[in-house]
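The report below goes through the strand pairings, the nonpolar core, the helix packing and a few individual loop residues of one model. Please keep the sequence and the structure in view while reading.

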Amino acid sequence: MPGKDGETELTAEDVIGDVDYRMDRTLEAFKRDLTQLRTGRATPSLIENLSVDYYGSATPLKQIASISAPDARAIMVQPWDKGSLREIEKSLQRSEMGFNPSNDGNVITVPIPPLTNERRQEMVKLLRKKAEDGKVSVRNVRRDGLETLRKMERDKVISQDQNRRAQEQLQKVTDGHTKLIDETTSAKEAEILQV
């Protein structure tokens, strides 16, 4: 229904839809983050989003180089601009992954040593921290949705009953996304701990 100034009024369903969309985006970001956690084998996704200082701006590695994993123990990085070799190498060394890249002047080779038990435990700790950060983001989105619903009730856009029902729906959406984060975390943890 049109509100003042010809705008359409926001409905409780719109709020739930927006919250669901934003939580989906949070979940996608969380899953993208997990691809950078090392398991035992080399994959380009370990480093493709690594930020490199490319002529003064932070740029994802995949935008300035071709990345391949010729075998399970090494990743090859071939920059399109040879001038960026040194910066790429520095970024790889500074990452929290513990890489020790070598540079032959054309290609950077990133050996992926087998994970020690201690390193696996560090990766699991990092994984759990990322999972908690993901859940916090989901809860922040829920909080924003709740505030919007409460404001809509105060402004008489929705009734108290509609607000209560919308909040129940909001909680279901939140629980669903939290469960997906937990399931994804468990699967990744099993992958990390697999020897």
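In strand E2, Asp53 has Ala58 as its bridge partner, where strands are DSSP runs (E, at least two residues) and helices likewise (H or I, at least four residues), both numbered from the N terminus. The model is a predicted one, in which local features need pLDDT of at least 70 and side-chain atom pairs count only at pLDDT 80 or more, whereas totals for chains, interfaces and linings use all residues. Residues are numbered from 1 along each chain as its sequence is written, and side-chain values use heavy atoms, with hydrogens and water left out.

**Strand pairs**

The partnership of Asp53 with Ala58 belongs to an antiparallel arrangement in which strand E1 (residues 51–54) is joined to strand E2 (residues 57–60) by four bridges; two strands are taken to pair if DSSP finds at least two bridges between them. Val52 is likewise bridged to Thr59 in E2. Strands E3 and E4 also pair in the antiparallel sense, over five bridges, with Ser68 standing opposite Met76 in E4. Two residues link E3 to E4 in a hairpin, and E1 and E2 form a hairpin with two residues between them as well.

**Loop residues**

Tyr55 lies in the loop between E1 and E2, and its phi is positive, near 50°, in a residue other than glycine. Lys156, which sits in the loop between H3 and H4, is not a glycine either and has a positive phi of about 65°. The table gives the relative accessible area of these residues together with that of Ser84; buried means under 20%, exposed over 50% and partly exposed in between, with a 1.4 Å probe and protein chains only.

| Residue | Relative accessible area | Class |
|---|---|---|
| Tyr55 | 66% | exposed |
| Lys156 | 73% | exposed |
| Ser84 | 2% | buried |

Ser84 is located in the loop between E4 and H2. Leaving aside residues up to four places away in sequence, Ser84 touches Tyr54 and Pro79, a contact being heavy atoms within 4.5 Å. Between the C-alpha atoms of Ser84 and Leu193, which are 109 residues apart along the chain, the separation is 35 Å.

**Nonpolar core**

The largest nonpolar core, meaning a set of buried Ala, Val, Leu, Ile, Met, Phe, Trp, Tyr and Cys residues joined through side-chain atoms within 4.5 Å, has 44 residues, and those with the most contacts inside it are Ile47, Leu61, Ile75, Val77 and Ile88. At least two residues of this core come from each of helix H1 (12–34), strand E3 (65–71), strand E4 (74–79), helix H2 (85–94), strand E6 (108–111), helix H3 (117–154) and helix H4 (160–193), and the largest share, ten residues, is supplied by H3. Beyond residues up to four places away in sequence, Val77 touches Ile47, Leu61, Ala65, Ser66, Ile88, Val107, Ile108 and Val110.

**Packing of H3 and H4**

How are H3 and H4 oriented where they pack? The angle is about 170° and the axes are 10 Å apart, the axes being lines fitted to C-alpha atoms, for helices over the stretch in contact, with angles from 0 to 180 degrees between N-to-C directions. H3 is therefore roughly antiparallel to H4, since angles over 145 degrees count as roughly antiparallel, those under 35 as roughly parallel, 65 to 115 as roughly perpendicular and the rest as oblique. The contact of H3 with H4 comprises twelve nonpolar, eleven polar and nine charged residues, where Ala, Val, Leu, Ile, Met, Phe, Trp, Tyr, Cys and Pro count as nonpolar, Asp, Glu, Lys and Arg as charged, and the others, Gly among them, as polar.
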